[in-house]
Amino acid sequence: MTLTDFDPDDFPIVVAIDFGTAFSGCAYAFAPDDREARTITNWPKQNVQYAKTPTLNLYQKVNGGFRMVEWGWKSKLIMESPSASNYVQLYQYKPYLDESVALTLWKKENGVSVLKAISDYLGALHEYVADKILQEFGPSYSRKSFRYCLTVPAMWSDKSKDVMRKAAINAKMITETDHPDRLMLVSEPEAAALYCERACKQYDLGHGDRFMICDAGGGTVDLIVYDIKMSSQGRSLSEITKGHGASCGSMFIDMNFGNLLIEKFRKQNARFPPNIIPVLVETFAYQLKPHFDGVEDQHLVLPRNDYFDELENLGAIGIDGGYMCLKASELKSRVFEPVVKKVLALIQGQLDGAKDVTAIFMVGGFGASTYLLNRVKQEFRGKVRTISAPYKPEVAVVCGAVYAGLNPKVVTARITRRCYGIGVEKEFDENLDPIELKLHRTYGIMCNHRFKPFVKKAQGRSQ
């Protein structure tokens, strides 16, 4: 297959996968008929209908190495059982593909590299969703009918994106001989923009208005600003700023909370079991973090454990009746604000570059945080008319990726991320050119390797 003969009609089922740091999701559509994305909400061992499943890999030692035996909720349940010591669980490994963040060195245990962890997870998730999707189609459709949209952070390098493509091949979503267009890598904020674009009328957005996407997830926060254009062909979007982001997602709030707990317990000269802190952080992340408003104190449910009865002074760290009281002021200053301030700085940077932004849409799991949304409104309500989390912000990226697959022409102009050009021969300039590139030609003294740019970085380009 050559690069010129890809026909989307040969792959009528568009499947989007949002591979996230903490949770992942899948949505799909039948291109000939569907205008709306359909989400997978029924996941293995999940007690409620929800469009995300945990990004967790469970490995078991086999013949001196590790083999993935479960994933998602099943992995979580096994690690809460008495047999947990027989397994190794990997989590929050997506940020290790971000070359701009300083994380502790990835421990490649028994051959489980970051690429293998992602490949194993995508393979299991894809196997499950492919069967679920095909239940809705007749026998003439198969996995060969799929084309894919895989979301990636805007801040990722081409090298990191290439790892995701390799992982998709390893996961048997596509093959090395497939046309590259069968797998579209979609920037997460652009996917979210395509989701929010459908609600423009709801937010009174029209021609010439600009809106910002703040896609706040578990690992990264990505932002971008789009300009709305109306024409006889309908509504289109143009990038006004280059997609930008940083590793300041909600996992860093969890890390802050874990450090706070360690500090509290150490003041009691406590020698706590190694699993206590992760269990408490997980309870905080699921039950308290999403709804914390910065005003009300929070009460963390403690697991039954004799360890808590052995502490010297329970009241000193707020423990009473099986709960730990967490002061709102302490959560704000020690846990939330160090991360939220970074998000606010990113938003301000986009506002400085775009000017006249009419709306900010907060999407992603962290984007739905009550505290983050309140802080964004508090900081920018005088500068931006509308600040909102759209309907189901947690599925904005995965559903928007489906819309990118259905109609990739909605975004008509993007800001270039690189400078593109070629090497040319130019007249030698002793103030610019290294002496080793100096050539004597019959037509003059030349430099044989001067760079001639065709498109400069941060330049707007129509598609």
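Biologist: Which residues does Ile347 touch, not counting residues up to four places away in sequence?
Modeller: This is a predicted model, where local features need pLDDT of at least 70, side-chain atom pairs count only at pLDDT 80 or more, and totals for chains, interfaces and linings use all residues. Residues are numbered from 1 along each chain as its sequence is written, and side-chain values use heavy atoms, with hydrogens and water left out. Contact means heavy atoms within 4.5 Å. With close sequence neighbours set aside, Ile347 touches Met212, Cys214, Leu223, Ile360, Val376 and Phe380.

Biologist: Which helix gives the most to the largest nonpolar core?
Modeller: A nonpolar core is a set of buried Ala, Val, Leu, Ile, Met, Phe, Trp, Tyr and Cys residues joined through side-chain atoms within 4.5 Å; buried means under 20% relative accessible area, exposed over 50%, partly exposed in between (1.4 Å probe, protein chains only). The largest core has 53 residues, and Ile347 is one of those touching the most other members, as are Phe257, Phe265 and Phe284. With 12 residues, the top contributor is helix H8 (residues 328-354).

Biologist: How many residues does the second, separate core have?
Modeller: Look for Ile17, Tyr28, Met68 and Leu90, which are among its members. The count for this separate core is 43 residues.

Biologist: Which element has the lowest mean pLDDT?
Modeller: pLDDT is the predictor's confidence in each residue, from 0 to 100, and the protein chain averages 88, with 92% of the residues scoring at least 70. Helices (H or I, at least four residues) and strands (E, at least two) are DSSP runs, numbered from the N terminus. Where pLDDT is low, don't read the predicted coordinates in detail. Strand S1 (residues 13-18) has the highest mean, 98, while the lowest, 51, goes to strand S23 (residues 460-462).

Biologist: How many of the 17 residues of H5 are buried?
Modeller: Among the buried ones are Phe252, Asp254, Asn256, Phe257, Lys264 and Phe265. H5 is largely enclosed by the rest of the structure, because the buried count is 12.

Biologist: How far apart are the end C-alpha atoms of helix H6?
Modeller: The expected span of a helix is 1.5 Å times one less than its number of residues. For the 13 residues of H6 (residues 276-288) that gives 18 Å, which agrees with the model's end-to-end separation of 17 Å.

Biologist: Is Glu197 buried or exposed?
Modeller: Glu197 lies in helix H4 (residues 188-197). Beyond its neighbours within four places in sequence, Glu197 is in contact with Arg235, Leu237 and Val410. At a relative accessible area of 10%, Glu197 is buried.

Biologist: Which strands stand at the edges of the open sheet S14-S16-S15?
Modeller: The three strands pair antiparallel in that order; two strands pair if DSSP finds at least two bridges between them. Four bridges join S14 to S16 (residues 323-326), with Leu300 standing opposite Met324 in S16. Each edge strand has a single partner, so one side of each is left without a neighbour in the sheet: these are S14 (298-301) and S15 (319-320).

Biologist: What is the handedness of the crossover from S8 to S9?
Modeller: Five bridges join S8 (residues 146-152) to S9 (residues 183-187), and these strands run parallel, with Leu150 opposite Leu185. A crossover is right-handed if, with the strands pointing away from the viewer, the path from the first strand over the helix to the second runs clockwise. The chain goes from S8 through helix H3 (residues 158-170) to S9, and this β-α-β crossover is right-handed.
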